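Trainee: I would like to learn how to read the strands, helices and pockets of a structure like the one shown here. Could we go through them in turn?

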Amino acid sequence: MTASGDIAPEFSRPLPLERLNLGPVERALRANAAECTALASRFGIPGVVALGGSVTVSRPGQGPAIRVAGRVEAEVTQTCVVSLAPFTQAVAEDFVQRYTLEPVGEPPEVFSDPDAEEPPEPLSGDSLDLGEVLAEQLALALDPYPRAPGAALSRVSFGTPDAEAEAAAR
């Protein structure tokens, strides 16, 4: 846990926000074996074999907006929903995440357009954890119903024996 009582991220690479006053920041990040193991536990998957990526962090103008554009690349082990066997697959996604240093009010209770751009995520403190940004993007990129290559469902009938015979005769 951190001093503020928050749980410390498993893959932490803080970037001091004052660094953005000098211009955009580019970073390549890679998680070590212990961080990958901890992230796999957090995500509830058998393994994170490797996690890395690159980010460019910028502050358009001198306002409160912060933009992170990057790519997350990982090799993960997930459990196939068909065979229930673990298998390893590659994950690679480009992303853009926006943040703001201004407090964000409650969203209005109106229809939400699913195609609309997400509002910026509020930041507090004096740094942005780039490792956590990549970890969150990996979590979003994971297949919620992973299927191993070649895994297929077999035909199952839940009818009576007569219904099964009828279906087979067709």
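Mentor: Let us start with one pair of strands: S3 and strand S4 (residues 65-79) pair in the antiparallel sense over eleven bridges. Strands here are DSSP runs of E with at least two residues, helices are runs of H or I with at least four, and both are numbered from the N terminus; two strands pair if DSSP finds at least two bridges between them. This is a predicted model, in which local features need pLDDT of at least 70 and side-chain atom pairs count only at pLDDT 80 or more, while totals for chains, interfaces and linings use all residues. Residues are numbered from 1 along each chain as its sequence is written, and side-chain values use heavy atoms, with hydrogens and water left out.

Trainee: Which residue in S4 is the bridge partner of glycine 52, and what links S3 to S4?

Mentor: In general, strands of a sheet pair through backbone hydrogen bonds, either parallel or antiparallel. Here glycine 52 has glutamate 73 of S4 as its bridge partner, and leucine 51 stands opposite alanine 74 in S4. S3 and S4 form a hairpin with six residues between them, and in the turn glycine 61 has a positive phi of about 65°.

Trainee: What is the strand order of the open sheet?

Mentor: The open sheet has five strands in the order S2-S3-S4-S5-S6, with mixed pairing, and its edge strands are S2 and S6, each of which pairs on one side only. At one edge, strand S2 (residues 25-30) and strand S3 (residues 47-58) are antiparallel over six bridges, with valine 55 in S3 as the bridge partner of arginine 27. S4 and strand S5 (residues 86-100) are also antiparallel, over 15 bridges; among the pairs, glutamine 78 stands opposite phenylalanine 87 and glycine 70 has phenylalanine 95 as its bridge partner. The hairpin of S4 and S5 has six residues between the strands, and leucine 84 takes a positive phi near 65° there.

Trainee: Do S5 and S6 run parallel or antiparallel, and how many bridges join them?

Mentor: S5 and S6 run parallel and are joined by two bridges, and tyrosine 99 stands opposite glutamate 121 in S6.

Trainee: At what angle do H1 and H2 pack?

Mentor: Axes are lines fitted to C-alpha atoms, for helices over the stretch in contact, and angles run from 0 to 180 degrees between N-to-C directions. Helix H1 (residues 33-43) and H2 pack at an angle of about 45°, with their axes 11 Å apart. That makes H1 oblique to H2, since angles under 35 degrees count as roughly parallel, over 145 as roughly antiparallel, 65 to 115 as roughly perpendicular and the rest as oblique.

Trainee: What is the volume of the largest pocket, and which residues lie nearest its centre?

Mentor: Rolling a probe the size of a water molecule over the atoms shows where empty space is left. A pocket, on a 1 Å grid over the protein atoms alone, is an open set of points where a 1.4 Å probe fits, with protein on both sides within 12 Å along at least five of seven lines, and lining residues have an atom within 4 Å of a point. The largest pocket has a volume of about 300 Å³, a volume being the space filled by probe spheres set on the points, which are joined across faces, edges and corners. Its lining has 13 residues, of which Leu123, Ser124, Ser127, Leu128 and Asp129 lie nearest the centre.
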